[in-house]
Amino acid sequence: MTLALMKHDAVDILTRQHAQIRRGFYRAALPGPGRRRAFERLMRLLAVHEAAEEAHVHPVARRVLASGAALAARRRQEEKEAKKLLVALLHTGPDGKGYLRRLGEARRAVLAHAAREEREEFAALRRAVSGRRLRLLGAEVRLTQAYAPTRPHRWVNNEVANKLAAPLLGPFDRARDMLQHAVHRT
Ligand SMILES: [Fe+2]
Ligand SMILES: [Fe+2]
């Protein structure tokens with residue numbers, strides 16, 4: 001594992017992403033020509049963020065924390081519910097009727113979930129896991145995110161499937177995103 005990859009621990013990376021997600025929801029609600037791009041960036045960020053948590057962080061929490069199994073099960077259930085709202089939002093799209101309402105619903109679910117992760121899971125992981133191990137986990141999070149699928153409808157809601165699906169679906173989604181951007185530009 002290279003030193004650069006192990007520079008930040010998993011809790012730092014994911015907490016920073018929660019702040020980016022919060023700003024992303026704000027930007028995706030702003031009117032104007034930048035809305036679609038802000039919306040697409042938010043969808044990609046949410047997809048890679050949740051994929052890494054499901055593949056690496058919740059499984060470690062389940063193993064090392066005293067009430068880890070119950071905690072991880074609750075987080076996975078919340079993620080599943082948030083995904084349903086995000087898929088509905090994705091289908092509506094930033095130009096669709098009811099976009100702001102659906103965006104608001106998804107925002108509330110995602111941010112409440114993120115706050116619970118920080119309060120119940122991340123804080124306990126910090127206490128229970130060594131700094132070195134958390135940095136290793138950070139490297140795994142980064143690697144997963146480099147390959148993770150970029151669309152919420154492709155999220156797979158369990159650890160094994162995420163680990164298997166990420167390398168397979170990631171490049172495919174990314175190639176399609178590039179194609180779509182090329183089409184939008186013409
Ligand atoms: Fe999560
Ligand atoms: Fe999270």
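## Two iron ions and the helices around them

The iron ion (ligand 2) has as protein donors His18 (NE2), His49 (NE2), Glu53 (OE), Glu53 (OE) and Glu117 (OE), at 2.0 to 2.8 Å from it. Donors are N, O and S atoms within 2.8 Å of the metal (3.2 Å for Na, K and Ca); water is not among the atoms, so sites may look incomplete. This is a predicted model, where local features need pLDDT of at least 70 and side-chain atom pairs count only at pLDDT 80 or more, while totals for chains, interfaces and linings use all residues. Residues are numbered from 1 along each chain as its sequence is written, and side-chain values use heavy atoms, with hydrogens and water left out.

**Iron ion (ligand 2)**

- Along the sequence, its donor residues follow the spacing H-x30-H-x3-E-x63-E.
- Histidine 49 in helix α2 and glutamate 117 in helix α4 are 68 residues apart, so this pair links distant parts of the chain (helices, H or I, of at least four residues, and strands, E, of at least two, are DSSP runs numbered from the N terminus).
- Histidine 49 is buried, at 0% relative accessible area (buried means under 20%, exposed over 50%, partly exposed in between, with a 1.4 Å probe and protein chains only).
- Glutamate 117 is buried too, with a value of 0%.

**Iron ion (ligand 1)**

- Its protein donors are Glu50 (OE), Glu53 (OE), Glu79 (OE), His113 (NE2) and Glu117 (OE), lying 2.0 to 2.3 Å from the ion.
- Glutamate 53 bridges this iron ion and the iron ion (ligand 2), which lie 3.3 Å apart.
- Glutamate 53 sits in helix α2 and glutamate 79 in helix α3 (residues 68-92), 26 residues apart.
- Glutamate 53 is buried at 0% relative accessible area, and glutamate 79 is buried at 1%.

**Nonpolar cores**

- The largest nonpolar core has 17 residues, of which Val57, Leu125 and Val141 touch the most other members.
- A nonpolar core is a set of buried Ala, Val, Leu, Ile, Met, Phe, Trp, Tyr and Cys residues joined through side-chain atoms within 4.5 Å.
- Helices α1 (10-29), α2, α4 and α5 (131-147) each supply at least two residues of this core.
- Another core lies apart from it, with 16 residues, including Leu42 and Ala106.

**Aromatic pair**

- The structure holds 1 aromatic pair.
- Phenylalanine 39 and tyrosine 99 meet edge-to-face, 5.6 Å centre to centre, with 75° between the planes.
- Rings of Phe, Tyr and Trp (its six-membered ring) pair if their centres lie within 6.5 Å; planes under 30 degrees apart count as stacked, over 60 as edge-to-face and the rest as tilted.
- Both phenylalanine 39 and tyrosine 99 are buried.

How values were computed
Chains are lettered from A and ligands numbered from 1 in the order in which they are written.
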